[in-house]
Amino acid sequence: MKTVTKVIAGAFTAAAIFVGTNVNAQTTPANKLRFGIGVEAGIPTGDIHDYSKFELGGTGRLQYGVNNNVALTLTSGYYNFFGKTYTTSVTTPTGTATSTFKARSLGMIPVKAGLKAFVSDGFYLSGEAGAGFEVHPTVAGGDKNTKLILSPGLGYATKSWDIGARYENFSGQGSNYGMVGLRLAYGFGL
């Protein structure tokens, strides 16, 4: 499963890099900077799925137009993987006892560099790579690990709005997890 995820991430990234030259203009003209502020939501996958059902976060993205078809990106912010609530029942000779347990939330600060390749009016393929710094481990007293992030995606951007979907993989230090995420952002020129 880990190898398949890495192959898919690599394929999306390669596709974003090698898009043809008959591409329509993007929202970041050549040699111009844009900044976008986004809200992120995702469904956890892999090891973190045992502890969390939902991710919510916010990111800022700086985007530089290399030419009218390709932009470089730098993204950072904060993700929170909300802890699940578990209810257990135990039958004893005197009856049934029920207890509730809430898993700890996991905080993550991503720092990613990437590429957006516009393939049609406003539509793009993207690829990002970087590091994720765990802030609040899911286990009390656990290590705050740094994870390798690989993230292929696709989206649609206008002059002010950007909506994108992606798969984001976090790997390293013995645990691998990810999320299927959606980002809605408002952007403006600098």
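Select E55 first: it stands opposite F81 in strand 3. Strands here are DSSP runs of E, at least two residues long, and helices are runs of H or I with at least four, each numbered from the N terminus. Two strands count as paired if DSSP finds at least two bridges between them. This is a predicted model, where local features need pLDDT of at least 70, side-chain atom pairs count only at pLDDT 80 or more, and totals for chains, interfaces and linings use all residues. Residues are numbered from 1 along each chain as its sequence is written, and side-chain values use heavy atoms, with hydrogens and water left out.

**Stop 1: around strand 2 and strand 3**

Now select residues 52–65 and 70–83, which are strand 2 and strand 3; they run antiparallel and are joined by 13 bridges. The two form a hairpin, with 4 residues between them. Add residues 106–120 and you have strand 6, antiparallel to strand 3 and joined to it by 10 bridges. To check the register there, pick T73 and look across to G114 in strand 6.

**Stop 2: strand 1 and its two partners**

Strand 1 pairs with strand 2 in the antiparallel sense, over 10 bridges. Click A41 and find its bridge partner in strand 2, L56. This is a hairpin as well, with 5 residues between strand 1 and strand 2. Then bring in strand 10, which runs antiparallel to strand 1 and is joined to it by 13 bridges. G46 has Y177 as its bridge partner in strand 10.

**Stop 3: zoom out**

Show the whole thing as a cartoon: 1 helix and 10 strands. Along the sequence the pattern reads α-β-β-β-β-β-β-β-β-β-β. Of the 190 residues, 39% count as buried, where buried is under 20% relative accessible area, exposed is over 50%, and partly exposed is in between (1.4 Å probe, protein chains only). Switch on a surface and the protein exposes about 9,900 Å², with carbon and sulfur atoms supplying 66% of it (Shrake-Rupley method, 1.4 Å probe; for residues, only the protein chains shown count as cover). If you draw contacts (heavy atoms within 4.5 Å), then among those between residues at least 6 apart in sequence, 61% join residues at least 24 apart.

**Stop 4: the charged network**

Which residues are linked in a network of salt bridges? Select E40, R61, K112, E128, R166, E168 and R183. A salt bridge here is a side-chain nitrogen of Lys or Arg within 4 Å of a carboxyl oxygen of Asp or Glu, and the structure holds 7 of them.

Start with R183 and E40, whose side chains meet at 3.3 Å, N to O. That pair links distant parts of the chain, with R183 in strand 10 (residues 177–189) and E40 in strand 1 (residues 33–46), 143 residues apart. Both R183 and E40 are buried.

Next, go to E128 and R61, whose closest N and O atoms are 3.4 Å apart. E128 sits in strand 7 (residues 123–136) and R61 in strand 2, 67 residues apart. E128 counts as buried at 7% relative accessibility, and R61 is buried too, with a relative accessible area of 11%.

Stay on E128 and add K112: this salt bridge has its closest N and O atoms 3.0 Å apart. K112 lies in strand 6 and E128 in strand 7, so the pair ties together parts that are 16 residues apart in sequence. K112 is buried, like E128.

**Stop 5: a lysine without a salt bridge**

Jump to K147 in strand 8 (residues 146–157). K147 is buried but has no salt bridge, and the nearest side chain of opposite charge, E134, is 4.3 Å away. For charge, Lys and Arg count as positive and Asp and Glu as negative, while His and the chain ends are not counted. What does the side chain of K147 make a polar contact with? Select S175: the two side chains are 2.6 Å apart. A polar contact is a pair of N or O atoms within 3.5 Å; within protein, one must be able to donate a hydrogen and the other to accept it, and residues adjacent in sequence count only if both atoms are side-chain atoms. Leaving aside neighbours within four places in sequence, K147 also touches a list including M108, F170, Q173 and Y177.

**Stop 6: two positive phi values**

Q173 lies in the loop between strand 9 (161–171) and strand 10. Its phi is near 55°, a positive value in a residue other than glycine. Q173 counts as exposed, at 51% relative accessibility.

Finish at N31, in the loop between helix 1 (2–17) and strand 1. N31 has a positive phi of about 65° although it is not a glycine, and at 55% relative accessibility N31 is exposed.
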